[in-house]
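Trainee: Could you take me closely through one part of this protein, the core and the strands around it, and explain how the pieces fit together?

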Amino acid sequence: MALTSGQTSVGTVAVQIDGAGHNPSFLHIHNDDNTKSVFLGGSNVGTANGLNLQKLDSIDINLFPGNSIYAISTSNNHTISWLRQTI
């Protein structure tokens, strides 16, 4: 099993969090911002249709090969941290 981690700067345009893996993986995402939510989803995610990850909250997601998660915010310079465990 391999572990990778990092931080992603999120703004008002959807960004891919950690690329699409070639193996099943477990992705932990933390909203580092202490004032605003970040929204998660597919490549077409928006603030109106994304999963709301509130300030300083975390989520765990199991990903199948080829799947990826995108994030968007209502403001720029919004940081999220992630940790991926590849199976």
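Mentor: What follows is a walk from the nonpolar core outward to the strands and the side-chain pairs around them.

Please keep in mind that this is a predicted model. The largest nonpolar core has 13 residues, and those that touch the most other members are Ile 17, Ile 29, Leu 40, Ile 69, Ala 71 and Ile 80. At least two residues of this core come from each of strand 3 (25-31), strand 4 (38-41), strand 6 (58-63) and strand 8 (78-86). As a general point, nonpolar side chains in soluble globular proteins tend to be buried together.

Ile 29 is a useful place to pause, for once its neighbours within four places in sequence are left aside, its contacts include Ile 17, Leu 40, Ile 69 and Ile 80. Polar residues also appear among the contacts of Ile 29, including Asp 57, Ser 58 and Ser 81. Ser 81, which is found in strand 8, touches Gly 6, Gln 7, His 28, Ile 29, His 30 and Asp 32 when residues up to four places away in sequence are not counted. With Asp 32, Ser 81 also shares a side-chain to side-chain polar contact of 2.6 Å.

Strand 8 takes part in a charged pair as well, where the side chains of Asp 18 and Arg 84 form a salt bridge with an N to O distance of 2.4 Å. Because Asp 18 sits in the loop between strand 2 (15-16) and strand 3 while Arg 84 belongs to strand 8, the pair ties together parts that are 66 residues apart in sequence. Asp 18 is partly exposed, at 22% relative accessible area, whereas Arg 84 is buried, at 5%. The count of salt bridges comes to one.

Turning to the sheet, four strands make up an open sheet in the order 2-7-4-5, with antiparallel pairing. Strand 2 and strand 5 (51-53) stand at the edges with a single partner strand each, so one side of each has no neighbour in the sheet. Further in, strand 4 and strand 7 (residues 70-73) run antiparallel and are joined by four bridges, and Gly 41 has Tyr 70 as its bridge partner in strand 7.

At the edge, Asn 52 lies in strand 5 and is partly exposed, with a relative accessible area of 40%. Apart from its neighbours within four places in sequence, Asn 52 is in contact with Ser 37, Val 38 and Phe 39, and its side chain makes a polar contact of 2.8 Å with the side chain of Ser 37.

Notes:
Residues numbered from 1 in each chain as written. Predicted model: local features only at pLDDT ≥ 70, side-chain atom pairs only at ≥ 80, totals over all residues. Heavy atoms only, no water. Core = buried A, V, L, I, M, F, W, Y, C linked by side-chain atoms within 4.5 Å. Buried < 20%, exposed > 50% of the residue type's maximum accessible area, 1.4 Å probe, protein only. Contact = heavy atoms within 4.5 Å. Salt bridge = Lys/Arg side-chain N within 4 Å of Asp/Glu carboxyl O. Pairing = 2+ DSSP bridges. Polar contact = N/O pair within 3.5 Å; in protein donor to acceptor, adjacent residues only side chain to side chain.
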